[in-house]
Amino acid sequence: MPHPRRVFDRQLAKLDEDLLAMGREAEAMLGDALKALEERDIALADETIARDDVVDKYRFDIEMRAMEIIATQQPAARDLRRVFAALSIASDVERVGDYSVDICKTAKRLAEKPLFKPLVDIPRMERIVVQMLRDSLEGFVSRDLAIIEKMINDDDEVDHLYRYLHDELCDFMKKDPELVDQAVQLLLISRYLERIADHITNIGERVFYVETGELKELHQ
Amino acid sequence: MKGEKMASMSRLQAESQVENRIGGPPKVEAQGFSFFYGKTQALKSLDLTVPENSLLTIMGPTGSGKTTFLKALNRLNDRVPGISHSGSLLLGGKDVYDRDVDVATLRRRVGMVFALPVPLPMSIYENVAFGPRKRGVSSKKRLDEIVEEALVSAALWDEVKDRLDSSAHNLSGGQQQRLSLARVLAVDPEVILLDEPTSGLDPISTLKIEELLRVLSERYTVILVTHNPVQAARVQGEVAFFYMGELIEKGPAASMFVRPKDKRTEDYITGKFG
């Protein structure tokens, strides 16, 4: 006799697959947004902006799937927490896509002329944020809270880099008002990355919730 | 920015235990109560308190001891050969197994509704009046009052008030089950036990019974037994999970179905066994 939860388990597994695929798409968008910035590639920025529709569609698909599971399987306990977490995580990943679009739009404005300083800290922030996104979704699927703990520590580093960049760019602007246009755009990009890290931290909170039943801010 | 420091996971997990208790004086109390059929132990040192005027749903798989617990409460097991028990099972502070307990009185105080409604082969009116008559109520006026009150409380009055003299067998399954409840209510019980009362009913009749139990639990102590976790979740109130004769976990339905404390409860309500 087949396992009584076979259909249900397959539905839950599909939800995981969709979340991972959505995460990979958002991660690729973020990578390409930074590449468009670094290489002043307007065509790549436009192409990346167009891909936001794919991420949005994943979110709607996950929402529909979650509703179907609730309606047909009446999940309880960890299953229930997992379905609701998937909904919340999909919403956070969608925001990663939205901020990648914002970075692309800013990159297009910055592409008009060479940058007054080489990009160092922004690519560093991006690398950390991409890793955080991977870790958070990996933690969701593998139920590994240690990954989540590491991810939250990474958020502190992103916050630190953001504050450092903020101060540095403000100093540039004070010394040379000619730099204000570019510095403000760079400041915006660093702010977008910092916000992305916060959304990924929310994902970590949901993973913690699924595994422990406790919903709380993991930062203090 | 979300703050500065990451708190340790272990501390967060330790803090995550939240207790939720319901007050009210105890109506039913099992204290180290065990029950045996010969050498088979059906209940294992059960400790369980049900406050007055509350609703407790007992869920568990077949053989978990939930029906044995109900039957012990009004001593329906008394004639089963080879039974024995230890510990205490208190009703209003007095052990139902004390020598001076009159079983007939106990069964009036603790009414029982079974899985399949069994209407007596008589009219709707006579089905409800049967218990009070046996208790010596003979005044027609008083019997009329009792029958109406019981049928109103069982949410059946509006459907049958114009045909009280027709046979109870003409009622639908859901109506017959509410008639069973009216018969219990007619003898003025303190505790109402229900053993899988909706197992043969359609979804609408099931919801009517569940709603009725919530209303009745404001005036009576109601104990519902079900093998269906979804019903336990829907009925709300407190839920106790029995497994292999043990009480594994008890708490408000809302928290038990979102974050059960015991792995066995989790596995049962998520359909991994049972």
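Throughout these legends, helices (H or I, at least four residues) and strands (E, at least two) are DSSP runs, numbered from the N terminus. The views show a predicted model, in which local features need pLDDT of at least 70 and side-chain atom pairs count only at pLDDT 80 or more, while totals for chains, interfaces and linings use all residues. Residues are numbered from 1 along each chain as its sequence is written, chains are lettered from A and ligands numbered from 1 in the order in which they are written, and side-chain values use heavy atoms, with hydrogens and water left out.

**View 1. Helix α8 of chain B lies across three strands, β3, β7 and β8.** Helix α8 covers residues 203-216, and the strands beneath are β3 (55-59), β7 and β8 (221-226) of chain B. Contact means heavy atoms within 4.5 Å. The helix runs at about 150° to β8(B); axes are lines fitted to C-alpha atoms, for helices over the stretch in contact, and angles run from 0 to 180 degrees between N-to-C directions.

**View 2. An open sheet of 6 strands in chain B has mixed pairing.** The strand order is β6-β7-β8-β3-β9-β10, two strands being paired if DSSP finds at least two bridges between them. At the edges stand β6 (110-113) and β10 (246-252) of chain B, each of which pairs on one side only. From one strand to the next, the twist averages 20°. Strand β6(B) pairs with β7(B), residues 191-195, in the parallel sense over 4 bridges; here Gly111(B) has Ile192(B) as its bridge partner. Helix α7 of chain B (residues 173-186) lies across β6 and β7, and its direction is at about 170° to that of β6(B).

**View 3. An open antiparallel sheet of 4 strands in chain B follows the order β2-β1-β4-β5.** Its edge strands are β2 (40-51) and β5 (94-95) of chain B, each pairing on one side only. Helix α2 of chain B (residues 66-73) packs on the sheet and touches β1 (26-37), β2 and β4, with its direction at about 115° to that of β1(B). Between β1(B) and β2(B), which run antiparallel, there are 8 bridges, and Phe33(B) stands opposite Leu46(B) in β2(B). These two strands form a hairpin with 2 residues between them, and Gly38(B) in the turn has a positive phi of about 60°. Strand β4(B), residues 83-91, is joined to the antiparallel β5(B) by 2 bridges; Leu91(B) has Lys94(B) as its partner in β5(B).

**View 4. Aromatic rings pair in both chain A and chain B.** Rings of Phe, Tyr and Trp (its six-membered ring) pair if their centres lie within 6.5 Å; planes under 30 degrees apart count as stacked, over 60 as edge-to-face and the rest as tilted. Over all chains there are 8 aromatic pairs by this rule. The rings of Phe116(A) and Phe172(A) have centres 5.0 Å apart and planes at 70°, so this pair is edge-to-face. Phe116(A) lies in the loop between α4 (77-110) and α5 (121-142) of chain A and Phe172(A) in helix α6 (residues 145-175), so that the pair links parts of the chain 56 residues apart. Phe116(A), with a relative accessible area of 25%, is partly exposed, as is Phe172(A) at 27%. Buried means under 20% relative accessible area, exposed over 50% and partly exposed in between (1.4 Å probe, protein chains only). In chain B, Phe33(B) and Tyr97(B) are stacked, at 6.1 Å centre to centre and 25° between the planes. Phe33(B) belongs to strand β1 and Tyr97(B) to the loop between β5 and α3 (103-109) of chain B, 64 residues apart. Both Phe33(B) and Tyr97(B) are buried, and with Phe35(B) and Tyr37(B) they form one aromatic cluster.

**View 5. Asn77(B) occupies the loop between α2 and β4 of chain B.** Its relative accessibility is 3%, so Asn77(B) counts as buried. Not counting residues up to four places away in sequence, Asn77(B) touches Phe35(B), Tyr37(B), Thr68(B), Lys71(B), Ala72(B) and Ile83(B). Asn77(B) and Tyr37(B) are 40 residues apart in sequence, with a C-alpha to C-alpha distance of 9.4 Å.

**View 6. The 7 helices of chain A are accompanied by 0 strands.** The C-alpha trace of chain A spans about 75 × 40 × 20 Å along its principal axes. Of its 220 residues, 53% are buried.
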